[in-house]
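Me: I'm new to this one, so could you walk me through it with a few questions and answers?

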Amino acid sequence: ASIESKSEHPLGKAIVEFAKNSNLKLFETSDFKMQSGKGVVAKINFEKAQNEKIIFCGNEKFLEENNFSINQDVKNQIEKLRVQGKASILVATKNSTENIVLGIIALSDVLRPEVSSIISKLEKMKVESILLTGDNEKTANYFAKLSGLKKVFAKNCSKT
């Protein structure tokens, strides 16, 4: 949440809001950098630590581009979360000997209760509705199924 506090991304804002609502302490950060559509990195100053830590928060591609190796267990967990309609943010750090994936933050949108009935009404009016998103295809398909949408255009794919 400390790193994401400087992010403009909606997922980062959700993480910060959750931390604040949970009365979690946010720590001071420096050297914040954002790579659009991939992730953020910054130095964090933990009060009890002797030195700063560099924390990366982002997707698989972002971590791989920054020389992190993502093991199969982490990849399997990300896949499970996608099928459940959740977005995943990997949290990682570098130390003097290795790059370490610390964990996964999973977030999910919530559909408004009236979405399915609105889609149904639009279909009766001969209006074609589509889901257009930059999210992962599996996440998009999860929400399309819940809402009754039949056409999905997700990140790097199209499906009808």
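**Salt bridges and rings**

Reply: Let's start with one pair: Glu128 and Lys151 form a salt bridge, with their closest N and O atoms 3.0 Å apart. A salt bridge here is a side-chain nitrogen of Lys or Arg within 4 Å of a carboxyl oxygen of Asp or Glu. This is a predicted model, where local features need pLDDT of at least 70, side-chain atom pairs count only at pLDDT 80 or more, and totals for chains, interfaces and linings use all residues. Residues are numbered from 1 along each chain as its sequence is written, and side-chain values use heavy atoms, with hydrogens and water left out.

Me: Where does Lys151 sit, the partner of Glu128?

Reply: The pair links distant parts of the chain, 23 residues apart. Helices (H or I, at least four residues) and strands (E, at least two) are DSSP runs, numbered from the N terminus. Glu128 is in the loop between α4 and β6 (130-132), while Lys151 is in strand β7.

Me: Is Glu128 buried or exposed?

Reply: Buried means under 20% relative accessible area, exposed over 50%, and partly exposed in between (1.4 Å probe, protein chains only). Glu128 has a relative accessible area of 57%, so Glu128 is exposed.

Me: Which residue does Lys150 bridge to?

Reply: The closest N and O atoms of that salt bridge are 2.9 Å apart, and the partner is Glu123. Lys150 is in the loop between α5 and β7 (151-153), 27 residues away from its partner in helix α4 (residues 115-124). Lys150 is exposed at 60%, whereas 38% makes its partner partly exposed. That partner is Glu123.

Me: Which residues are linked in a network of salt bridges?

Reply: One bridge to look at joins Glu60 and Arg82 at 2.9 Å, N to O. Glu60 is in helix α2 and Arg82 in helix α3, 22 residues apart. At 18% relative accessibility, Glu60 counts as buried. The linked residues are Glu60, Glu79, Arg82 and Lys138.

Me: How many salt bridges does the structure hold?

Reply: The bridges above are among them, including Glu60 with Arg82. The total for the structure is eight.

Me: What kind of aromatic pair do Phe56 and Phe68 form?

Reply: Rings of Phe, Tyr and Trp (its six-membered ring) pair if their centres lie within 6.5 Å; planes under 30 degrees apart count as stacked, over 60 as edge-to-face and the rest as tilted. Phe56 and Phe68 are 5.0 Å centre to centre, with 70° between the planes, which makes the pair edge-to-face.

Me: Why is the pair of Phe56 and Phe62 called tilted?

Reply: Their centres are 6.1 Å apart. Both Phe56 and Phe62 are buried. The pair is tilted because the planes are at 50°.

Me: Which residues form one aromatic cluster?

Reply: Phe56 is in strand β3 (residues 53-58), and Phe68 is in the loop between α2 (60-65) and α3 (72-83). Both of these rings are buried. Phe62 joins in too, giving the cluster Phe56, Phe62 and Phe68.

Me: What does Thr139 touch, not counting residues up to four places away in sequence?

Reply: Thr139 lies in helix α5, and it counts as buried because its relative accessibility is 5%. Contact means heavy atoms within 4.5 Å. By that rule, Thr139 touches Arg82, Gly85 and Lys86.

Me: How many helices and strands does the chain have?

Reply: Read along the sequence, the pattern is α-β-β-β-α-α-β-β-α-β-α-β. That comes to five helices and seven strands.
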